[in-house]
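Thanks for making the time this morning. I would like to walk you through one model, going from the confidence scores to the helices and then to a few side chains.

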Amino acid sequence: MRLLLSLPVLVAVLLMVFEGPAPAQAAPDFSSTLESIPGKLKDFGSTVEEKFRAAMEEVKKSEIPKKTWTWLSDTFSKAKEKIESTFS
């Protein structure tokens with residue numbers, strides 16, 4: 001079974017090796033890289049903000065916060081009654 005899985009991988013690797021080196025790509029100079037960083041950070045921040053807002057809207061629309069608050073209130077009420085009955 002391992003042999004059957006490793007043969008296609010071996011063939012793919014050999015094809016890549018025998019294909020030869022990739023053509024040289026022009027490397028961007030350092031100053032243009034530094035100039036593009038603020039724009040990329042702004043885009044990243046906007047994307048994160050949009051996703052966070054969408055997630056918060058989903059949480060607000062769901063019943064989870066209400067159910068959690070109800071469960072916590074009931075649990076604390078029961079604990080409080082238990083403590084009062086035990087120590088009174």
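What you see is a predicted model, and so I will begin with confidence: the protein chain has an average pLDDT of 84, with 86% of the residues scoring at least 70. Among the elements of the protein chain, helix α1, covering residues 2-19, has the lowest mean pLDDT, at 78, whereas helix α3, residues 64-87, has the highest, at 92.

As for the overall arrangement, the secondary structure amounts to three helices and zero strands, and reading from the N terminus the elements run α-α-α. The chain has 88 residues, of which 0% are buried, and the area exposed by the protein chain is about 8800 Å², with carbon and sulfur atoms supplying 69% of that.

Let me take the helices in turn, starting with α1, where L10 is placed. Together with L7, V9, V13, L14, V17 and F18, L10 forms a nonpolar patch on the surface, and the accessible area of these residues taken together is about 670 Å². L10 itself counts as partly exposed, because its relative accessibility is 46%.

Helix α2 spans residues 30-61, which gives 32 residues, and the distance from its first C-alpha to its last is 47 Å, close to the 46 Å expected at 1.5 Å a residue. There is nevertheless a bend of about 30° at I37, and a proline, P38, follows within four residues.

The same helix brings us to the charged side chains. How many salt bridges does the structure hold? It holds one, and the partners are R53 and E49, whose side chains meet at 2.9 Å, N to O. In general, side chains of opposite charge can pair when their charged atoms come close. Both R53 and E49 lie in helix α2, four residues apart, which is about one turn of the helix. An α-helix has 3.6 residues a turn, so residues three or four places apart point the same way. As to their surroundings, R53 is exposed, since its relative accessible area is 54%, while E49, at 40%, is partly exposed.

Finally, α3: its 24 residues should span 34 Å at 1.5 Å a residue, and because its end C-alpha atoms are indeed 34 Å apart, the two values agree. This helix is hardly covered, with a count of zero buried residues among its 24, and α3 is also the element with the highest mean pLDDT.

Definitions and conventions. Residues numbered from 1 in each chain as written. Predicted model: local features only at pLDDT ≥ 70, side-chain atom pairs only at ≥ 80, totals over all residues. Heavy atoms only, no water. Helix = DSSP H or I, 4+ residues; strand = E, 2+ residues; numbered from the N terminus. Expected span 1.5 Å × (residues − 1). Bend = angle between axes of the 7 residues up to and from the residue. pLDDT = per-residue confidence, 0-100. Patch = residues over 30% accessible without salt bridge, like charges linked within 9 Å, V, L, I, M, F, W, Y side chains within 5 Å. Areas by Shrake-Rupley, 256 points an atom, 1.4 Å probe, with all protein chains shown as cover. Salt bridge = Lys/Arg side-chain N within 4 Å of Asp/Glu carboxyl O. Buried < 20%, exposed > 50% of the residue type's maximum accessible area, 1.4 Å probe, protein only.
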